[in-house]
Amino acid sequence: MRLSNVSGMTRPICALLALLCCALPARADDPWVVYPGGDGAGKGKHIILVSGDEEYRSEECLPQLGKILATRHGFKCTVLFPIDDKGEINPKHTSNISGLEALGSADLMIILTRFRNLPDAQMKHIDDFLKAGKPVIGLRTATHAFNGIKGDFAKYNNGYKGPEKEWTDGFGRLILGEMWISHHGAHKGESTIGIFAPDAAGNPLLNGIKDGEIWGATDVYGVRLPLPGDSKPLVLGQVSKRAANATKEEIAKDKNYMLRPNDIKVEGKKNDPMMPVAWTKSYTVPGGKEGKAFATTMGSATDIENEALRRLIVNAAYQLVGLSVPEKADVGIVGVYEPSAFGFGGYKTGLKPADYQLK
């Protein structure tokens, strides 16, 4: 049974089918993948991970995060993908993410999409989820998750300037706290070291993480300061130059020189002030209940190789579903994880969701 075929049915029937489908084991030809979870603090909680971007390999990193959350912590995890007419995962296919009906049974949505132009029937499931005030984790390009949508859900578009003023700048700004602004660091030329925000020490979301331990090859995104509403920065992004370009003397002077891959702080305006790269925020969709969000502008498939960043995301999942954050969550990689480099093109072709099943 395919969830994508029930969007024209009445709402009660659609909701019932979504629940039934989520209760059934995934089939090899399903356009999504399910990691059942089991014993662990997250047992009984359902996380939907929504992938769909052309650049940062969300179709690779979200299955790994789902495996970690299910295998290490007991959460049931369903990963959704951009599926093309051949039934293959195709990041360039921007108008379909199969299985969003499953959000009806979700306790948390983790989203890493970029400029998606989804049909109304699919957007309605996201809209219903947010109106219910359910929690959201947004990674990297989720700040500009949607674009080019017409009609009722145009307000979700990145940079929205329409008549619904509460939605100014779209999903990214209202839900997560920022839309697409800029590459603050040099794209593919400078990396990010995560430095604790001045008043963030002791926050449970940072449990098991040392200051300066978070690192990603992706650059720091620009944001407008201060972030809106009750946004609380947790991690600031130190724009850093690749060690290959650094002198031995520069590395020796830097307190973070032991970080893989020995990147060091760039001097000057790029780090004065440093941009937040991870924060929490409350959100309220007009007509809906208040919800909680965690956003990080890190999160490519290669960023997820960093243990501290994985732990930050897992900690956020615990907190957002109402569980106590572990002192040091187990975030060990599950199976083989060899992520592709980020960049347009270069994604693995011919793959289907079944290729990401637990082996």
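Author: Before we start, a term: a crossing of helices is left-handed if the near helix is turned anticlockwise from the far one by less than a right angle, and right-handed if clockwise. Also, keep in mind that this is a predicted model.

Reader: OK, so what is the handedness of the crossing of α2 and α6?

Author: Two packed helices are described by the angle between their axes and the distance between the axes. Here the axes of α2 (residues 58–73) and α6 (residues 307–320) come within 11 Å and cross at roughly 65°. As for the handedness, the crossing of α2 and α6 is right-handed.

Reader: How many residues of the contact of α2 with α6 are nonpolar?

Author: On the α2 side you'll find L65, I68, L69 and H73, and these meet R310, I313, V314, A317 and Y318 of α6. Sort the residues of that contact and you get one charged, one polar and, for the class you asked about, seven nonpolar.

Reader: Staying with α2, is E59 buried or exposed?

Author: E59 sits in helix α2. Leaving aside neighbours within four places in sequence, E59 is in contact with S51, D53, F81, I89, P91, Y347 and Y356. Its relative accessible area is 5%, and the cut-off is under 20%, so E59 counts as buried.

Reader: And how far is the C-alpha atom of E59 from that of A301?

Author: Along the chain, E59 and A301 are 242 residues apart. In space, their C-alpha atoms are separated by 8.3 Å.

Reader: How many disulfides are there?

Author: Take two cysteines, C61 and C77: C61 is buried, with a relative accessible area of 0%, and C77 is buried too, also at 0%. To count as a disulfide, a pair of cysteine sulfur atoms has to lie within 2.5 Å. By that rule the count is zero.

Reader: What should helix α3 span, given its twelve residues?

Author: Helix α3 covers residues 120–131, and the reckoning uses 1.5 Å a residue, times one less than the number of residues. The end C-alpha atoms of α3 are 16 Å apart, which agrees with the expected span of 16 Å.

Reader: Which residue just after α3 takes a positive phi?

Author: Within α3 itself, the buried residues are Q122, M123, H125, I126, D127, F129 and L130. Just after the helix comes a positive phi of about 70°, and the residue that takes it is G133.

Reader: Zooming out, what percentage of the chain's residues are buried?

Author: The chain has six helices and 13 strands. Among its contacts between residues at least 6 apart in sequence, 75% join residues at least 24 apart. Of the 359 residues in the chain, the buried share is 59%.

Methods: Residues numbered from 1 in each chain as written. Predicted model: local features only at pLDDT ≥ 70, side-chain atom pairs only at ≥ 80, totals over all residues. Heavy atoms only, no water. Helix = DSSP H or I, 4+ residues; strand = E, 2+ residues; numbered from the N terminus. Buried < 20%, exposed > 50% of the residue type's maximum accessible area, 1.4 Å probe, protein only. Axes fitted to C-alpha atoms, helices over the stretch in contact; angles between N-to-C directions. Contact = heavy atoms within 4.5 Å. Nonpolar A, V, L, I, M, F, W, Y, C, P; charged D, E, K, R; others polar.
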